[in-house]
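Visitor: Could you walk me through this structure? I am new to reading such models.
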Amino acid sequence: MSKRSLQASRTGVKQAKKAFTNKGWTQENLAGQVNLKTRQPVWRFFTGRPIERYTFIEICSVLDLNWREIAIDPPSELSELGEVSINIDALVKKVRSQCRDKIQQQCGTLQLLDTNRPVEIENIYIDVNILQEIASQQWLDISNLQNPTAEEFDRFGLGQISEKQIPGMRAVETHSKLRVLGKPGSGKTTFLQYLAIQCNQGNFAANLVPIFITLKDFADDSKEIGAFSLLNYISSNIFSESEQPATEILLREGRVLLLLDGLDEVLHQDNNEILKEIRKFSEKYPQNLFIVTCRTAAKAFNLKGFTDVEIAPFTQSQIVAFAQKWFSVFTRDNVIDIDMTVQFIEKLDLPENLPFRRLAVTPLFLHLACWVFHRQEEFPSKKAEFYKQCLDLLLGKWDQIRGIERDEFYHGFLLPQKLKLMSQIAAVTFEHGNYFFEQRAAEEYISDFIINLPNAPTEPEELQLDSEVVLKAIELQHGLLAERVRGIFSFSSLTFQEYFTARKIVASHNLQSLRALEGLVSHITEPRWREIFLLTTAMLRSADYLVQLMKQEIDALVAQDAYLQKFLTWASQKSLVIPQPTLVATRAFYLGLTQTPHVAPHFALACTLDQGIFLDALLDNLVLECVIDSTDFAHARACVHALSNALNIVLDVGLQQSLQQLKEELPDPDCNQTIFQSWWQINHLAWTERLKTAIYFHRNIQSHWHFSPEQQKVLEHYYDANKLLVDCLNSNCEVTVAVRQEIEAALLLPQKELEDREWDN
């Protein structure tokens with residue numbers, strides 16, 4: 001059995017002192033080289049007293065001495081293994097066999113958030129992609145990231161900036177020293193665990209011995225014994241006592257896959273010691289494979305000789321693959337698994353679920369989305385509750401679950417203060433359309449917040465330093481703000497920026513600020529504010545006042561235009577002559593009919609249509625197609641067939657006779673194409689005018705509405721704003737029955753009818 005301690009012989013002490021003198025060091029210098037907290041072990045070494053075995057070996061190594069020649073009665077285990085002529089492949093095989101169960105136990109399962117049982121990593125793991133270029137290390141201007149005229153852009157690809165991706169395994173096979181960066185919940189630890197299991201099973205690096213170390217545990221253990229030594233830690237904590245003699249042989253021969261997880265999770269005061277030990281260890285045993293993980297925001301920790309890469313967000317195919325595995329693991333019936341996965345992906349891709357889709361590119365949030373969907377078979381209508389759960393994780397719970405402590409000034413912030421700070425930053429940046437903002441601006445927003453805290457610093461320089469610390473802490477700990485390129489930040493997801501903006505509006509309203517909701521309503525025609533309206537409506541204790549403000553703002557869009565009022569009056573009259581369960585649905589249909597010849601996209605509001613409305617749609621499209629001045633035979637023939645289809649459903653005798661007469665004037669296109677085409681070219685415009693007259697007379701469809709480009713734009717805003725109002729009312733918000741009924745009955749009415757309703761009330 002190997003001795004746990006060693007001591008230098010008298011001759012060995014003399015040799016060591018001579019080598020020490022030649023180095024020109026103090027005992028403190030030597031202790032630092034060996035990563036000892038104190039110089040006591042060095043003093044004991046030079047006085048011939050016993051010290052911990054691997055500290056003894058490290059001191060000799062630093063002094064360029066053969067520890068066997070220095071020690072009294074050095075252990076014989078290494079020579080028994082055949083240190084000189086050992087069969088290294090046999091040794092690797094032996095140690096792998098002895099460590100297999102330990103690695104499987106350490107890395108083989110995951111305990112996913114909110115689940116009641118561990119999951120085999122191979123049953124849930126999805127191959128990750130790697131970004132070879134770290135975007136936050138580039139020097140670019142904001143103009144390179146965001147097109148000011150664009151209503152939406154790729155939040156994860158940095159607008160027009162696209163990064164090349166490669167499979168994670170290829171990156172590992174390419175670089176012997178790799179630092180894998182990633183945002184919170186991006187799957188860094190899981191990636192390392194997967195590599196350990198694959199190596200353990202011989203599917204990857206089968207000639208290496210996998211060693212998985214959580215750097216936080218290594219740091220805590222090292223502080224207890226007063227020395228930072230990976231060699232000691234591996235020998236004492238990873239291998240059993242019988243395996244310890246093989247440690248240095250394996251390292252010297254380059255037969256170790258060393259996986260070091262969570263560099264950012266080490267307390268600040270231990271960072272330098274950990275970095276120095278990793279650097280020294282990798283330089284001393286350069287033939288091994290080293291992989292370190294770290295949050296992207298902690299990339300400033302300089303790890304010399306390592307190549308930095310970053311875990312990429314999930315692609316669509318990765319999201320699908322993860323969902324398939326997830327539902328297979330957490331449901332029992334395989335048929336249900338397939339159906340549930342299909343439903344999940346279909347609903348995730350719906351436009352109204354875009355905020356969920358933005359978050360689902362991160363494994364942590366994708367898991368949460370699957371978990372919520374699994375319970376309800378639907379995404380929550382109150383999205384704010386889901387976002388709150390995500391933010392609770394990022395703002396503290398995620399670190400607590402993993403036992404991570406943080407030691408910056410920001411650590412003293414309470415959760416309400418963190419939420420308030422993020423809400424202020426989101427609101428001011430979103431209001432100005434700034435999805436990206438300079439670091440200087442972000443620090444100014446933080447300074448404005450800190451200065452109002454109790455015991456806040458008053459010196460500008462101290463306030464500036466605290467603001468820098470808080471910004472970096474937000475990025476490192478939560479990932480809510482991310483440095484996209486050097487010196488330029490954004491929220492990690494547009495979804496979070498929208499949520500915090502809505503939260504700020506709600507908080508201001510709760511403090512009796514009427515201007516908060518009035519300011520929001522001023523943006524009712526801007527598409528980028530749509531999600532803010534939906535979130536705010538759902539988060540208010542009472543949304544009565546907001547939806548009433550929205551209705552007033554919408555009506556004001558068309559109130560001053562006499563021609564548009566005439567059109568709304570006509571649509572209202574049409575709704576009165578066509579029996580419908582809800583008149584507003586009919587009014588919505590005729591408003592939609594003016595927007596485009598293709599009516600289908602505008603059926604969203606017109607949800608209860610009868611045969612009369614469908615006939616009007618068919619006739620309106622018939623006229624629009626016929627007035628096109630085209631001699632194309634296929635187009636003309638399609639018009640004839642459309643007229644035949646209309647005749648099949650017309651019930652009004654007078655209209656049927658008029659349409660039948662018009663149809664009989666047409667030559668049969670199927671009998672003689674030449675005659676039909678000649679007739680159509682000469683007569684179709686006059687024929688179309690008679691068709692329009694007949695339709696207007698019998699159905700009151702005024703296809704001759706001529707809106708100016710400006711009026712057309714106003715109508716589009718008017719329609720979309722009304723659609724938004726209806727969506728808000730249908731979002732499970734707190735609106736009284738009376739207010740809801742009042743608004744629904746008055747949707748899309750002309751100003752005169754609105755005024756008459758107010759007078760009657």
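Guide: Let us start with one helix. In α14, the residues N271, I274, L275, E277, I278, K280, F281 and S282 are buried, where buried means under 20% relative accessible area, exposed over 50%, and partly exposed in between (1.4 Å probe, protein chains only). Helices (H or I, at least four residues) and strands (E, at least two) are DSSP runs, numbered from the N terminus.

Visitor: Is there any background I should keep in mind?
Guide: This is a predicted model, in which local features need pLDDT of at least 70 and side-chain atom pairs count only at pLDDT 80 or more, while totals for chains, interfaces and linings use all residues. Residues are numbered from 1 along each chain as its sequence is written, and side-chain values use heavy atoms, with hydrogens and water left out.

Visitor: What span should α14 have, and how far apart are its end C-alpha atoms?
Guide: Helix α14 has 14 residues (271-284), so at 1.5 Å a residue it should span 20 Å, and its end C-alpha atoms are 20 Å apart, which agrees. The expected span is 1.5 Å times one less than the number of residues.

Visitor: How many helices and strands are there in the chain?
Guide: The chain has 35 helices and 14 strands. It has 761 residues, of which 53% count as buried.

Visitor: Now to helix pairs. At what angle do α7 and α10 pack?
Guide: Helix α7 (residues 88-107) packs against helix α10 (residues 188-200) at about 150°, with the axes 10 Å apart. That makes α7 roughly antiparallel to α10. Axes are lines fitted to C-alpha atoms, for helices over the stretch in contact, and angles run from 0 to 180 degrees between N-to-C directions. Angles under 35 degrees count as roughly parallel, over 145 as roughly antiparallel, 65 to 115 as roughly perpendicular and the rest as oblique.

Visitor: Which residues of α7 and α10 meet?
Guide: On the α7 side they are R96, R100, I103, Q104, Q106 and C107, and on the α10 side Q193, A196, I197, C199 and N200.

Visitor: What about α24 and α26?
Guide: Helix α24 (residues 514-521) and helix α26 (residues 544-558) have axes 10 Å apart and pack at about 40°. They are therefore oblique to each other. The contact (heavy atoms within 4.5 Å) involves L514, L517, E518, L520 and V521 of α24, together with Y545, L546, L549, M550 and E553 of α26.

Visitor: How do α26 and α34 cross?
Guide: Their axes come within 10 Å and cross at roughly 15°. The two helices are therefore roughly parallel to each other. D544, V547, Q548 and K551 of α26 touch V739, E742, I743 and A746 of α34.

Visitor: Changing topic: what is notable about the phi of A205?
Guide: A205 has a positive phi of about 50°, although it is not a glycine. Most residues other than glycine have a negative phi. A205 lies in the loop between α10 and β8 (209-214), and at 17% relative accessibility A205 counts as buried.

Visitor: And L748?
Guide: L748 is not a glycine either, and its phi is positive, at about 65°. L748 is found in the loop between α34 (737-746) and α35 (751-760). With 3% relative accessibility, L748 counts as buried.

Visitor: Is K752 buried or exposed?
Guide: K752, which is found in helix α35, is exposed, with a relative accessible area of 59%. The C-alpha atoms of K752 and A559 are separated by 9.3 Å, although these residues are 193 residues apart along the chain.
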